[in-house]
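Biologist: Could you take me slowly through a single part of this model, and then show how that part connects with what surrounds it? I am new to reading structures, so please go one residue at a time where you can.

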Amino acid sequence: MFDRFEHGSISWQELRTIASELSFSNLVDALRTEAGLGPAPPLGAAAEDELSFKTFRRLLQSKHVAQQLDKESSHHTATYQYKVIEKVIQMLIHGHIDMTDLSEARLAYSFHSQQAWGIPFDHRILTAALRLAKHAIAPDQLQTWMDAAVAGGKIELHDVTDDGEGGSSSFIQFYEFLDLFVLCDPIKLDRARVVRPRDRKSR
């Protein structure tokens, strides 16, 4: 799968796989409607025609598709959904992530995010989220990324004021979390060193 990327195109089945992972249930049908095509076959069906990234981006930015993306979530706008899709496609194209990475990153992000605000821009929480996604980064490297991201304007911090405390907290979105995710190393568990509880009792 995704072997067409190097030719600058993507198949409808590949788009279905990505949309399914991101829980964008109406995305592919909306794209096909805008392209004048019928409903897409279910996942696992025979491969279909591909479309160029140029065509994909044109369809994605159409008014009809934007309306459907707006309906996908009560928390996020079509603009947010568009940024997520663009980021995921870009990272898959360049081989920075695979579908397993995407699944793990999304689950970790969802677990630590606070509604539409995102994940708190907090060293401890970001570390925990990455660990849940089976990835890790050195503490000083994470701090360097956080400092550079703010100084260079590479991420758009979303500030939310806490009326009860009178302070404010900053959050990052999923497409920004992916930028951090690809800088990390996967955590490899040494199964030979894992001791089961019953094994410890017998010693």
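Modeller: Let us begin with W145, keeping in mind that this is a predicted model. Leaving out residues up to four places away in sequence, W145 touches F121, L126, I155, I172, E176, L180 and L183. W145 also belongs to the largest nonpolar core, which has 54 residues, and within that core L126, W145, F174 and F177 are the ones that touch the most other members. Helix α5, residues 78-93, supplies the largest share of this core, namely eight residues.

Two of the partners of W145, E176 and L180, take us to helix α9, which spans residues 174-181 and is mostly covered, with seven of its eight residues buried. Those buried residues are F174, Y175, E176, F177, L178, L180 and F181, and among them F174 and F177 are also named with W145 as residues that touch the most other members of the core.

Another partner, L126, leads to helix α7, residues 123-132, where I125, L126, A129 and L130 are buried. Looking down the axis of α7, we find these buried residues within an arc of 135°, so they line one face of the helix. The face turned away from that buried side carries R124 and R131, which are exposed. At the N-terminal end of α7, D122 acts as a cap, with a side-chain oxygen 3.0 Å from the backbone nitrogen of R124. After α7 comes K134, which has a positive phi, near 65°.

For a second example of a buried residue, we can turn to L69, which sits in helix α4, residues 63-72. L69 counts as buried because its relative accessibility is 2%, and the cut-off for buried is under 20%. Apart from its neighbours within four places in sequence, L69 is in contact with L27, L60, A78, Q81, Y82 and I85. Of these, Y82 is 13 residues away from L69 in sequence, while their C-alpha atoms are 8.1 Å apart in space.

The contact of L69 with L27 brings us finally to a pair of helices, since L27 is one of the α2 residues that meet α1. The axes of α1, residues 12-21, and α2, residues 27-34, come within 9 Å and cross at roughly 145°. On the α1 side the contact is made by W12, L15, R16 and A19, and on the α2 side by L27, V28, L31 and R32. Sorted by kind, the residues of this contact are six nonpolar and two charged, with no polar ones.

Notes:
Residues numbered from 1 in each chain as written. Predicted model: local features only at pLDDT ≥ 70, side-chain atom pairs only at ≥ 80, totals over all residues. Heavy atoms only, no water. Buried < 20%, exposed > 50% of the residue type's maximum accessible area, 1.4 Å probe, protein only. Helix = DSSP H or I, 4+ residues; strand = E, 2+ residues; numbered from the N terminus. Arc of directions from axis to C-beta. Polar contact = N/O pair within 3.5 Å; in protein donor to acceptor, adjacent residues only side chain to side chain. Core = buried A, V, L, I, M, F, W, Y, C linked by side-chain atoms within 4.5 Å. Contact = heavy atoms within 4.5 Å. Axes fitted to C-alpha atoms, helices over the stretch in contact; angles between N-to-C directions. Nonpolar A, V, L, I, M, F, W, Y, C, P; charged D, E, K, R; others polar.
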